[in-house]
Amino acid sequence: MFNSLSERLQDTFDKLRGKGKLTEADINVAMREIRMALLEADVNFRVVKDFVASCKEKCLTAEVLDSLTPAQNVVRIVLDQLTELLGTTESKLVLAQNRTPNVIMLVGLQGSGKTTAAAKLAYLLKGQGHSPLLAACDTHRPAAADQLATLGAEIGVPVYRGDGKDAVKVASESIHEAVDHLNDIVIVDTAGRLQIDEEMMQEAVAIKQAVRPDQILMVVDAMTGQDIVNVVQTFAERVDFDGVIMSKLDGDARGGGALSVRAVTGKPIKFVSMGEKPDSLEVFHPDRMAKRILGMGDVYGIIEQAQKVADQEQIDAAERMLREGFTMDDLLNQMQQIRKMGGLAKIISALPGGERAMAQQGGVDESSLGRIEAMIHSMTKEERARPKIINGQRRKRIAAGSGRSVQEVNQLLKQWGEMNKMMSKMRAATQGGSKKQRRQMQSMMRNMGMGGGMPGGMGGRGWGM
């Protein structure tokens with residue numbers, strides 16, 4: 001996601017940081033490199049032109065050039081402009097309070113991931129306490145209704161198929177179906193084409209008139225690049241959609257389409273799809289995405305994800321760790337939390353500089369989690385509770401039992417030792433200091449679930465990087 005663009009922009013900023021004071025010539029060189037980076041990322045030319053002109057104008061002020069840290073000011077300006085380009089503020093899904101059911105209509109080209117996005121959106125809304133119904137209104141593509149039914153069954157969301165012939169009729173009947181079965185949201189999956197044609201647009205307009213949707217979302221394939229712009233503009237003229245779901249964003253190293261849509265159409269990106277699993281649809285936060293593009297990470301995203309997977313048992317365990325220390329069973333639980341949060345790669349990519357580090361080191365070895373789990377499972381109950389008792393003989397036995405080397409066992413114990421030291425410092429902070437500081441530390445531990453939701457030092461080679 002945005003890998004090539006992020007790399008180019010960070011290289012540009014690194015060059016600026018190497019200069020004590022910036023001149024107009026330095027700014028011009030930096031803006032030229034930013035322009036090339038955006039164009040290579042397949043961002044719409046008009047968007048690039050306006051973006052660079054705005055950044056340059058702000059960077060050439062005396063406030064920036066005469067400051068003590070001009071390079072940091074340039075980064076701040078680019079960050080602000082990039083956030084504005086992506087939408088300034090997050091665009092939450094707006095649901096009518098005085099209407100049941102709410103209707104959300106999805107439109108888009110065939111192959112954009114529309115049917116999958118419908119199921120992911122239903123899964124997201126179900127997790128928020130809603131009772132969604134999926135309406136299979138793509139009556140043109142063979143097996144489209146079957147695909148939606150399969151996806152619905154996987155996530156436990158009902159699918160209304162009707163006669164499977166008249167899309168407008170199926171859409172209308174799905175509203176009555178939702179009322180009869182107390183579903184508070186209907187997600188209408190409409191037909192797409194390989195390219196825009198009049199029949200598809202007329203059907204979309206007819207469905208819109210029949211069900212009067214509260215929200216119309218267009219699903220856009222991020223890998224389409226700036227060709228997205230023409231497609232989105234046509235849909236905006238005919239059905240006047242409210243926002244965009246950007247699909248397959250994890251599969252596009254350039255990301256130009258995502259940077260172009262908001263600026264060209266004025267329509268906000270509301271959700272992004274970052275994987276294949278049902279829980280891979282995420283609310284879009286422009287400020288966080290801008291920071292990730294510039295290599296600043298998304299720590300808030302990590303915390304939110306950790307909070308999602310944390311349950312009361314993990315919160316209790318976090319508080320116990322503060323009292324008694326960190327065990328290998330705690331580490332094992334963290335491995336499981338990392339899997340629930342999407343794996344090592346997803347977490348590391350959200351850390352400042354994480355994506356760049358992964359690119360430089362050839363990615364992350366997700367199988368490292370399995371190797372760690374195997375070594376911990378090869379320990380006795382006493383060893384897991386008190387790792388300090390693991391001597392040379394025990395290390396050999398654990399290595400043999402898990403099929404790993406003694407060196408790998410040593411590395412695991414070293415990592416545990418570092419994490420235990422960190423936990424001891426946190427425990428001291430909760431016991432000493434002011435009451436306010438202790439409450440803040442305990443609150444942080446609870447919010448992060450199992451001590452932060454991921455093992456300390458996982459960025460080292462011992463954790464797959």
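**Entry 1: helices over the sheet**

I began with helix 7 (residues 144-155), which lies across strand 2 (132-137), strand 3 and strand 4 (185-190), at about 165° to strand 2. I took axes as lines fitted to C-alpha atoms, for helices over the stretch in contact, with angles from 0 to 180 degrees between N-to-C directions. Contact means heavy atoms within 4.5 Å. Helices (H or I, at least four residues) and strands (E, at least two) are DSSP runs, numbered from the N terminus.

Next I looked up helix 9 (residues 198-211). Helix 9 crosses strand 1 (102-107), strand 2, strand 4 and strand 5, running at about 175° to strand 1.

**Entry 2: ground rules**

I noted that this is a predicted model: local features need pLDDT of at least 70, side-chain atom pairs count only at pLDDT 80 or more, and totals for chains, interfaces and linings use all residues. Residues are numbered from 1 along each chain as its sequence is written, and side-chain values use heavy atoms, with hydrogens and water left out.

**Entry 3: the sheet**

In what order do the strands of the open sheet run? I read 3-2-4-1-5-6-7-8, eight strands with mixed pairing. Strand 3 (159-160) and strand 8 are at the edges with a single partner strand each, so each has one side without a neighbour in the sheet. Two strands pair here if DSSP finds at least two bridges between them.

I then followed the pairs. Strand 5 (residues 215-221) runs parallel to strand 6, joined by five bridges. V220 has M246 of strand 6 as its bridge partner. Strand 6 (residues 243-247) is also parallel to strand 7, over three bridges. There I245 is matched with F271 of strand 7. Strands 7 and 8 (the latter residues 281-283) run antiparallel, again with three bridges. V272 is bridged to E282 in strand 8.

**Entry 4: strand 7 and the annotated span**

Why is strand 7 largely enclosed by the rest of the structure? I found that five of the five residues of strand 7 (residues 269-273) are buried. Buried means under 20% relative accessible area (1.4 Å probe, protein chains only).

I checked UniProt too. Its unreviewed entry lists residues 268-281 as "domain: SRP54-type proteins GTP-binding"; such annotations may be inferred rather than shown by experiment. I computed 16 Å between the end C-alpha atoms of that span, which is 0% helix and 43% strand.

**Entry 5: whole chain**

I counted 22 helices and eight strands in the protein chain. Of its 465 residues, 51% count as buried. Among contacts between residues at least 6 apart in sequence, 74% join residues at least 24 apart. The chain exposes about 21,400 Å², with 49% supplied by carbon and sulfur atoms. That area comes from the Shrake-Rupley method with a 1.4 Å probe.

Conventions. Buried < 20%, exposed > 50% of the residue type's maximum accessible area, 1.4 Å probe, protein only.
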